[in-house]
Amino acid sequence: SKTQSQMAEWLGSQADALQEEAKLALQAAERSVEQQAVQAVRRVSQHLAGATPENLSVLREQLEKTMAEQASHLGGELVRTQEEVARVLDAAQRQVMDLLERRATTLREVERLKNASRNLAVEVSAAEAEAQRATEAFAKASSEEESLSPEDALQATKLCEEALSAVRRVLQETHSHCQQMAGEVAVAVPSAGAESTSLGPGVNAAGLTEVHAQLQQLSGRLAALGTSVDETLERAKVGRERAGRRANAARREREQRELFDKYDTDGDQALSHAEIEALAKGEYEVDLRDDFYEKIRTALGIESVGYDKFARLRQMLAIERSEVKARAKRAEEEERQRREKEEAIQRQRELEERTAAVQVLLKDASRSLPDASAALAGVEVESSELLVGEERLTSAELLDAAATCEVAMRRPGSALEVVRAKLDEAMRLLGSDLGKTFEAEAADLRVRLERAEARASRLQLAIRKAREKAKDVAEKEERLNKQRQAFAKLQRTYDEQQEDEDDDSGGEWQS
């Protein structure tokens, strides 16, 4: 029936739904099992993040065992999980190789610093031994100083000082090496301590800490040794200065004895007046006066000077030389002042002479210039036709006017030349020292002279132009004369022809 058919359909749909739910539940259960298997593998693989050369094989076996146990439960995640495990194993292997390399590097650095520390200890010991030898040598030289000659004592103290200075330089270099190594160890100790746990067994800061402690000990030894050497070196410098003073004193004494013997020509161990005079000339370049021997008698109470008074004699000679030089210097200064005074007088005399000469020159020039200017004015009036360029003059008239003007210009022109020469000579004599004194007068004369010279130049130019114009006018006159002659000739010919024609006409009329 229809109801049964509908019931069957409903039951069928319910069965399909239940079947689908069962399928989905089964798939969900399978995915859950796969995820649990993947998580199990990942938990084991995470241990490889702390892989070291010592535990890498164990961790790899654990991961491979877990992978084998969970392989049947991974399902579709099997391939991806295998790839992930391969990547984890590869990263762990690289990590272990890096740890091995860092471990080897650290161990090499520790060994290098240990060797350097041992070498430094040898250097410090050698420096201590060298300092000990130098100190003992100085002590021996100091104890024997009185028994040695001043020169030998000075040489011995110099050698000791040089040896101690060399030891001081070695100590400074060694201390510099120690400081450099201490810096390297200070940097390396924290690094080694921090990595000692990660790099594995056998790698720790104990070795570097020991090196650091040894360097501190060596630094202390160097500091103490440096202080000792500095103190000994200071004493050596004092000893060398003392020995130097003794040697200088001995040298001066020896040189003084040799000098005394050199001028004690008769060998009587006393210097006579003649021998003292030779000493003064030879060593002090001084010619002694009679009063110097009086000084000897007053100061030394003797006539001739023995060696015991020789040093005092030399002092007196040095003083005498200074006095001679002072007298010479005073004489030179007096001579210089005398020359300067004479030169000042001479300069004043020359200045007065120049002033007088300038005054005469300017006065003569000023007196002569008005006459020359007046003469120029007369010439300008007489030669006005030349100045205005008169066009009606013939060539002969132009030449005559130019010649007349030139003759008239000779006297004022010569006068202007004389004025110019006197002004130039006055300006030469003025110089820089008298320029201000006559500046206004000379400037006024120069302006008036230049104006007159300009007028004379204008007349000279007019003369030159008149002669040039006369030449042109003469050429024109010559051409005009030739034209007149040609015209006159033509007129005569014409007149003769007219006369002939008239004669012919009269004969015909008579006949």
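**Notebook: charges and unusual backbone angles**

I began with the surface charges, and found that D495, E496, E499, D500 and E501 form a negative surface patch. I then placed one of these residues, E496, in the secondary structure, and noted that E496 belongs to helix α11, which covers residues 439-510. I remind myself that I am reading a predicted model.

**Entry on E275**

I next looked up a charged residue in helix α6, residues 273-284, where E275 is located. Is E275 buried or exposed? I found E275 to be buried, yet without a salt bridge, and the nearest side chain of opposite charge is that of R257, 11 Å away. I then asked which residues E275 touches, leaving aside those up to four places away in sequence. The contacts I listed for E275 are Y263, D264, T265, D266 and A270.

**Entry on positive phi angles**

I turned to the backbone and kept in mind that most residues other than glycine have a negative phi. Against that background I noted Q269, which is not a glycine and nevertheless has a positive phi of about 65°. I located Q269 in the loop between α5 (206-263) and β1 (270-271), and I recorded Q269 as partly exposed because its relative accessibility is 41%.

I made a second note of this kind for E285, again not a glycine, whose phi is positive at about 55°. Where does E285 lie? I found E285 in the loop between α6 and α7, the latter being residues 290-300. With a relative accessibility of 73%, E285 counts as exposed, since the cut-off for that class is over 50%.

**Entry on salt bridges**

How many salt bridges does the structure hold? I recorded 33 salt bridges for the structure, and I followed some of them individually.

I looked first at E380 and R455, which form a salt bridge whose closest N and O atoms are 3.1 Å apart. This pair links distant parts of the chain, since E380 sits in helix α8 (residues 310-382) and R455 in helix α11, with their positions 75 residues apart. I checked the cover on each partner: E380 counts as buried because its relative accessibility is 17%, while R455 counts as partly exposed at 27%.

I then took up R448 and D444, whose salt bridge has its closest N and O atoms 3.1 Å apart. Why are these two separated by about one helical turn? I noted that R448 and D444 are 4 residues apart in helix α11, and therefore about one helical turn lies between them. R448 is partly exposed, with a relative accessible area of 29%, and D444 is also classed as partly exposed, at 42% relative accessibility.

I next asked which residues are joined into one network by salt bridges that share partners, and wrote down K295, E320, E323 and R327. Within this set I looked up the salt bridge of R327 with E320, where the closest N and O atoms are 3.7 Å apart. Here I wanted the accessibility of both partners: R327 is partly exposed, with a relative accessible area of 27%, whereas E320 counts as buried at 2% relative accessibility.

**Looking back**

I close by setting two buried glutamates side by side in my notes: E320 has a salt bridge with R327, whereas E275 has no salt bridge.

How values were computed. Residues are numbered from 1 along each chain as its sequence is written. This is a predicted model: local features need pLDDT of at least 70, side-chain atom pairs count only at pLDDT 80 or more; totals for chains, interfaces and linings use all residues. Side-chain values use heavy atoms; hydrogens and water are left out. Patches are made of residues with over 30% relative accessible area and no salt bridge: like charges are joined within 9 Å, nonpolar side chains (Val, Leu, Ile, Met, Phe, Trp, Tyr) within 5 Å. Accessible areas come from the Shrake-Rupley method with a 1.4 Å probe; for residues, only the protein chains shown count as cover. A salt bridge is a side-chain nitrogen of Lys or Arg within 4 Å of a carboxyl oxygen of Asp or Glu. Lys and Arg count as positive and Asp and Glu as negative; His and the chain ends are not counted. The place of a charge is taken as NZ of Lys, CZ of Arg, CG of Asp or CD of Glu. Buried means under 20% relative accessible area, exposed over 50%, partly exposed in between (1.4 Å probe, protein chains only). Contact means heavy atoms within 4.5 Å.
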